[in-house]
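This report describes a mixed sheet and a pocket in a predicted model. The structure is shown first, and the description follows.

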Amino acid sequence: MPDNNNILQKLDGLESRFEEVSTLITDPDVIADQRRYVKLTKEWKDLGDIMNARKRYIACLNAIREAKDILANESDNDIKDMAREELAENEALQPQLEEEIKLLLVPKDPEDAKNVQMEIRAGTGGDEAALFAGDLFNMYKRYCDTKGWTLSVTDVSEGAVGGYKEIDFAISGADVYGTMKYESGVHRVQRVPVTESNGRMQTSAATVAVLPEADKFEVNINEGDIKWDTFRSSGAGGQNVNKVESGVRLRYPWRNPNTGEVEEILIECTETRDQPKNKERALSRLYTFIHDREHQKYVDDIANRRKSLVSTGDRSAKIRTYNFPQGRVTDHRIGYTTHDLQGFLNGDIQDMIDALTVAENAEKLKETELS
């Protein structure tokens, strides 16, 4: 167990920073600098949670000290009985508070609070892989419903017999990236495809990518360089589809900071019948795409520093297997298995995400002095 003084020294050191940040976020010059203001506001909230835990921890330590003092010096048995009860209660609470504080002191990924852009692509397995990509999308959609998050499809390419060759969608809500980042990677399915007449089991795969949504002030884009086209959306929608050019396509010349070469980024959005909304969403995807490319070095650095970290964002890593004959889902990063495959595909994935979060936090704790 960590030394009390060690924990209190760390907490006391953060108290002055909390007061400093509390003052800074009321400064008009800071408020005018949106990038700095958003960063400081997030720090103020995180430090506020730590200060609240500090207050409860100090109260707990004081209660233990007072109860011991009463037991050592008081002669009244009734008072001593109350002191024993108070002592037992707070001695049980102390390690719980210490664990809570340790986790609060673990450096947080600044991207965790962000909304996300996700893409699911059918991999090896042909039509069966497309059907599995559809299963994964429906799984995430149901999970989002349980979280009260908003999911909106931005682009889709349907499979020949159902499912999706590729589907792109955005999710907005509280701490979406911090929850969904564990889903990046290759998902494998083992089952007898409906397209298989001989009843042979097949292994197919789909790739999931989870990108934190970029804020405009994080990415420098000259919107005057964007070339816009409009076109008629295909799919359901009746006569509106044939008459209104609601689909939008943008082209943007982007200079790769690593190579210096200029490449054209092409993004289409046909999500709504409202062309301005489609333009807004296409622009949001452009910011996110460039943010992802320009921050790849950051992601690589994290992956190199934490070789076994469960959320490296490596899209080529095989992370999970969905085995239908055995009715199980296994996450290979932490060896977690559930035998409720159908419930999992119906969106009941919180236990898996919780286990991945615990594994990541345990790994982070090893890097701190308080581990």
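## Sheet and pocket

In this predicted model, 8 strands form an open sheet with mixed pairing, in the order β2-β3-β1-β5-β4-β9-β10-β11. Its edge strands, β2 (150-158) and β11 (336-338), each pair on one side only. From one strand to the next, the twist averages 15°. Helix α8 (residues 275-294) packs on the sheet, where it touches β1, β2, β3 and β5 (202-212); the direction of α8 makes about 100° with that of β5.

Within the sheet, strand β1 (residues 116-122) pairs with strand β3 (residues 164-172) in the antiparallel sense, over 6 bridges. Valine 116 stands opposite isoleucine 171 in β3.

The second largest pocket has a volume of about 600 Å³. Its lining comprises 26 residues, and those nearest the centre of the pocket are Lys108, Asp112, Asp175, Gly178 and Thr357. Two or more lining residues come from each of α3 (34-73), α4 (77-105), α5 (127-147), α6 (176-180) and α11 (350-366). Helix α11 gives the most to this lining, with 7 residues. The lining of the second largest pocket divides by residue class as follows.

| Residue class | Number in the lining |
|---|---|
| Nonpolar | 8 residues |
| Polar | 5 residues |
| Charged | 13 residues |

Where does the second largest pocket lie with respect to domain 1 and domain 2? Because domain 1 (3-105) and domain 2 (116-216 + 314-370) both give residues to its lining, the second largest pocket lies between them.

Definitions and conventions:
Residues numbered from 1 in each chain as written. Predicted model: local features only at pLDDT ≥ 70, side-chain atom pairs only at ≥ 80, totals over all residues. Heavy atoms only, no water. Pairing = 2+ DSSP bridges. Helix = DSSP H or I, 4+ residues; strand = E, 2+ residues; numbered from the N terminus. Axes fitted to C-alpha atoms, helices over the stretch in contact; angles between N-to-C directions. Contact = heavy atoms within 4.5 Å. 1 Å grid on protein atoms, 1.4 Å probe; cavity = no way out; pocket = protein on both sides within 12 Å on 5 of 7 lines; lining within 4 Å. Points joined across faces, edges and corners; volume = space filled by probe spheres on them. Nonpolar A, V, L, I, M, F, W, Y, C, P; charged D, E, K, R; others polar. Domains from an automatic or database assignment.
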